[in-house]
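Notebook open, structure on screen. I want to look up the annotated domain, then the ligand site, then the sheet.

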Amino acid sequence: MFRDPMTLEMTAARRDALCKSPDVHKYDHGHALILSGGPGKTGAARLAARGALRIGAGLVTIGCPHTALAEVAGQVTAIMCRPLDGAPGLTELLEDTRLNALLLGPGLGLGQDTQALVLSALSGKRATVLDADALSRFSRNPETLFDALHETCILTPHAGEFARLFPDIAEKLHAPATTGPAYSKIDATREAAAQAGCVVLLKGPDTVIADPKGRCAINASVYDRAAPWLATAGSGDVLAGFIAGLLARGLTPFDAAATAAWLHTECALSFGPGLIAEDLPEELPSVFRALGV
Ligand SMILES: NC(=O)C1=CN([C@@H]2O[C@H](COP(=O)(O)OP(=O)(O)OC[C@H]3O[C@@H](n4cnc5c(N)ncnc54)[C@H](OP(=O)(O)O)[C@@H]3O)[C@@H](O)[C@H]2O)[C@@H](O)CC1
Ligand SMILES: Nc1ncnc2c1ncn2[C@@H]1O[C@H](COP(=O)(O)OP(=O)(O)O)[C@@H](O)[C@H]1O
């Protein structure tokens, strides 16, 4: 067990996990399924899907409502798309056991459908990233979500989503410290991971990743790694896609979250000012080259 939080670095083991063997085929690199919202709400899933493909998932499919199929299909090429209406459609699609990593939330909306999709996705116990609306949807009934989560899930809230899902923990985090040591973002993320029973990645300039046993890492985008251009619409959607892609490739939830957060910052540093979310996946090849992947 790792009790001490570690500042993330690109270790040889992490780098090796990103390399692809010469003698395997695309299904050996996994197949990520990313759910999209309806018409006019497909951008976030497309950003995430591009991230998942660029980080090395062998195949990436966007599952979207029939009504959004033309919009999605008209804007993706290497990424595949499948019509999928509601939780029954998802259950049917998940009969394909090669779909080994799921991402739900970006652009999904806050309706009843989102809750049903999340619960259906979680029932199969597949590696699953929950972000954005898949978290906010449960702000009034977090216990429903916690009861369904399992150990290969990853929650990726920003501070606002975190406070919706873990209001008591957020209150402690934001309370003024009257006695030391103060309750930190690391304490908060660890407590949230223990409560949820899965990995939690709490975003921000300093992103903290924790698992239920207390293992913890920090991706600090500060000082020489400051990347304020990441505060742009959709950059979190790309991060969720990076994590889903690495899950598809077989990384553990903790390693997928930690490695993705580190690469996300590297992509922003490599691109520099003027960055928009679309640029992040496109920057991965030069980041990989610099790492010798
Ligand atoms: N290209 C696309 O298709 C994109 C699609 N997207 C998709 O849109 C959907 C809704 O996304 P969203 O951004 O409107 O919802 P959300 O982030 O909950 O903000 C609502 C309120 O929460 C707060 N808040 C926000 N951030 C915070 C923080 N870090 N820390 C603290 N508080 C924070 C803030 O409230 P305030 O602080 O202003 O009171 C804000 O007004 C979602 O599905 C997403 O995937 C986006 O990803 C963009 C690109
Ligand atoms: N000032 C900052 N410096 C470094 N990274 C940041 C900063 N602000 C936000 N980020 C990162 O950008 C991403 C924003 O994600 P999120 O808030 O979910 O936005 P969106 O919903 O638009 O995708 C997160 O990965 C977060 O860690």
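I began with the two ends of the stretch 9-291. Their C-alpha atoms sit 12 Å apart, and I should keep in mind that this is a predicted model. On secondary structure, I get 45% helix and 15% strand for that span. I picked these limits from UniProt, where an unreviewed entry puts "domain: YjeF C-terminal" at residues 9-291.

Next, ligand 1. How many residues surround it? I find 16, and the closest are Gly43, Ala132, His158, Ala159 and Gly160. I then checked which elements give two or more residues to this shell: they are α2 (43-54), α6 (133-136), α8 (159-165) and α11 (235-248). Which of them gives the most? That is α8, with three residues. Sorting the shell around ligand 1 by class, I have seven polar, six nonpolar and three charged residues.

Then the sheet. I traced an open sheet of 10 strands with mixed pairing. Reading across, I noted the order as β1-β10-β9-β8-β7-β6-β5-β2-β3-β4. Which strands are at the edges? I have β1 (6-7) and β4 (80-83) down as the edge strands, each pairing on one side only.

Last, I zoomed in on one pair inside the sheet. Strand β7 (residues 153-155) and strand β8 (residues 199-202) run parallel, and I see two bridges joining them. What is the bridge partner of Leu155 in β8? I wrote down Val200.

Conventions. Residues numbered from 1 in each chain as written. Chains lettered and ligands numbered in written order. Predicted model: local features only at pLDDT ≥ 70, side-chain atom pairs only at ≥ 80, totals over all residues. UniProt positions renumbered as here; feature names shortened; annotations may be inferred. Helix = DSSP H or I, 4+ residues; strand = E, 2+ residues; numbered from the N terminus. Near = placed C-beta within 6 Å. Nonpolar A, V, L, I, M, F, W, Y, C, P; charged D, E, K, R; others polar. Pairing = 2+ DSSP bridges.
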